Amino acid sequence: MGTATYLNPRQSFLHVPPPFSAVRPPLTRMKNDEPAWQSNPLFRFFASVRLAMLLLAVLIVATIAGTIYESSFDARVARAYIYEAWWFNIWLLLLAANLICSAFSRRPWKRNHTGFLLTHLGIIVLLAGALIGRLCGVEGSMTLFKGDPPNNLLTVDQHVLQVIDGNNSSRTVPLEIINRRPTPDKPWPLTTTPSGWAVSAVDYSPALDVKMEPKAVREGGTPALHFTIKTARMGQSLDSWLLADDADHGTFDMGLAGVEFKKGTATPTAAPGSQAADLEEAIFAFANAAAGQVSKVIRGGSTGVKVQPVDTEKGNSPKLVVTAGTAEQTIEIAPNLNKPIAIAGTPFTARIEEYWPDFRIKDGKPENASAEPNNPCVLVTITGHAAPVPEATDGTNGAAPDAAEVAGKNHLTLYVAADGSLSYELASRRMGLSSGKLEMNKPLPTGWADWTLVADRFLPNAEERFDAEPAVASSHAMHAEGIRVRATRGGASVEQWVPLGWQVSVPTEPTPLLIGYGNKQVPLPIGLQLTDFQVDWNEGTDTPAGFKSTLDVIDQETGDKTTGQCWMNHPMSVPDSWWNTCTGLTYKLSQASWNPQNLSQSSIQILRDPGWSLKWVGSLVIVMGIFSLFYLRPYPMDGVQYGPEKKRRQLKPVRARVVEPKALPVEKS
């Protein structure tokens, strides 16, 4: 038998019960259980959190930059550099791909993924709504005038170039010039016409001088006259072309004076101080003005009559004192309004046209501010047959500038007869009315301070043509931004400036090209017609409290008409059914602006956004997902239950037990 040996009784074994963990170990999936598409490196890249953080960070920075651009410059700059840039669209597509891959990386989905999936789904729906609104929506403005026919062309804040060939074929290309500009060495190719002309942009100017340069023709057309008017005292010189009897280009306005060109012959008038003639003069007289009156010769010359309102205090019957040479007559104003009254001892008749106890000028027109005699004023017309009297040159006409505006402007009318001879009629507050033959290249004193006019070029037959050049600081011509286009075909090349909002004719062969540069216009299936425009004023002030447009909306296909109103913060929807409004399939008409100088004009903002409902739904789903993530957890991830009346179970520490082993005999062989 073998001998028995015993283990060392000092050897002991530490027996510890399996510990209880309060944290549930994460559920892991074996690699061989994962679908192959989830383990694809490309899928893992698009589903990664790092990519999501990078995309969101860049989008946040881009949005901030776009906001700064829009406030510092305008919306066109923000769209060109940020919101409609190619890289911004790619970044949004990458974000959508990241969201989709991230959501599918959790397949198969469980209840605790609800908040995560809702948040990602909401962002995807929001991006889809924004994309649909950008591709299918429209936004722009429309300027309407009361009395005009319905208009269905929406003006969009986007510049385009339109080229019309001789065969009436039209091509429109977008042309936005923000920072980088075309140059003659590096032109921007735009389009090629069916006749073979290649059109390109070769230059850009932020301000152009647009002047009419009539083109001489052999037959037809209208007479054109070029003149220069200048003053040595102020060192100023102005020039312009005028077309006879042309509504747009037949007059030249200088503010307090104007020049007009007509067909016909000037009426001969007597020079001041010569033989008798039919005289007519309008006199504007103020009771409180030191100078007394402002007069305007209407016909023949000045009468030399003086008028003065008296007894205009409150409670008195206002009167008018008329003085003609040594004769003087007092007339009561109220009972003699708009009645001809002979002035005794003179060949003149006085007619009181209007009386204002409290005279004011509002919107360029006289009005009575109140019934109190704060600023009495009277307008009198004097007529008669007598020798004209030279007007006073003591500066009295400048005593009341507003009254001078009401009485009328200095005016020069130029005439061209059928045989091509030129004549003039000159109305001057200082020199009265005169007329005579207009000689080419000979100065004509106007009597308007030291202004003199010289007619230097005349075209008996001409047609309208405009020319534009980059503006200089001292220019007084019309200013507008514009581009210079070049049309080339074979060895022929023609260049022309095209101002913004204009259409010009480029002399190409065999027919000229019509090239227009302006804002894009989008035809709508509805037409708008302004039937009324109302302005509410703040009481006691000249500031508007609000303005409202009454519109007729005509369906272009069916002809159905709908009438509605829109004003600030109260848009009008067409069609106005709840379904169209909720889905965004409607045109929202909002009051945009108005013209204080023309209360028959109104500007309407029009918006149609088919992605409107998806944006709202996406935003709501995002809120639901975030709420679910933080407040509606299906069950805790660590396996411990929480509740208003349950506390977390506290785990007691486990002590180790030391067990002394018994001595066991070991047999030896």
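1. A polar contact here is a pair of N or O atoms within 3.5 Å, where, within protein, one atom must be able to donate a hydrogen and the other to accept it. On that criterion, the side chain of T413 makes a polar contact with the side chain of H411, at 3.5 Å. The model is predicted.

2. T413 belongs to strand 23, which covers residues 410-416. Its relative accessibility is 7%, so T413 counts as buried, the cut-off being under 20%. Leaving aside neighbours within four places in sequence, the contacts of T413 are E260, K262, S423, Y424 and E425.

3. Next, the helices. Helix 4 runs over residues 86-104 and has 19 residues. From first C-alpha to last, helix 4 reaches 28 Å, close to the 27 Å expected at 1.5 Å a residue. Its buried residues are F88, L95, A96, N98, L99, C101, S102 and A103. These pack against four helices: helix 1 (41-46), helix 2 (49-72), helix 3 (75-83) and helix 5 (114-136).

4. Helix 2 and helix 4 have axes that come within 10 Å and cross at roughly 145°. The crossing is left-handed. On the helix 2 side the contact is made by L51, A52, L54, L55, L56, V58, L59 and A62; helix 4 contributes W87, F88, W91, L92, L94, L95 and N98. Of the helix 4 residues in this contact, F88, L95 and N98 are among those that are buried.

5. Turning to the sheets: strands of a sheet pair through backbone hydrogen bonds, either parallel or antiparallel. One open sheet in the model has five strands in the order 14-13-22-19-18, and the pairing is antiparallel. Strand 14 (293-299) and strand 18 (340-342) are the edge strands, each pairing on one side only. From one strand to the next, the twist averages 25°.

6. Within that order, strand 13 is listed beside strand 22. Strand 13 (residues 277-286) and strand 22 (residues 377-386) run antiparallel and are joined by ten bridges. In this pairing, D278 stands opposite H385 of strand 22.

7. A hairpin is formed by strand 16 and strand 17, with two residues between the strands. Strand 16 covers residues 319-324 and strand 17 covers residues 327-332; the two pair in the antiparallel sense over six bridges. T323 stands opposite E328 in strand 17. In this hairpin, G325 takes a positive phi near 70°.

Definitions and conventions:
Residues are numbered from 1 along each chain as its sequence is written. This is a predicted model: local features need pLDDT of at least 70, side-chain atom pairs count only at pLDDT 80 or more; totals for chains, interfaces and linings use all residues. Side-chain values use heavy atoms; hydrogens and water are left out. Buried means under 20% relative accessible area, exposed over 50%, partly exposed in between (1.4 Å probe, protein chains only). Contact means heavy atoms within 4.5 Å. Two strands pair if DSSP finds at least two bridges between them. Axes are lines fitted to C-alpha atoms, for helices over the stretch in contact, and angles run from 0 to 180 degrees between N-to-C directions. The expected span of a helix is 1.5 Å times one less than its number of residues. A crossing is left-handed if the near helix is turned anticlockwise from the far one by less than a right angle, and right-handed if clockwise.
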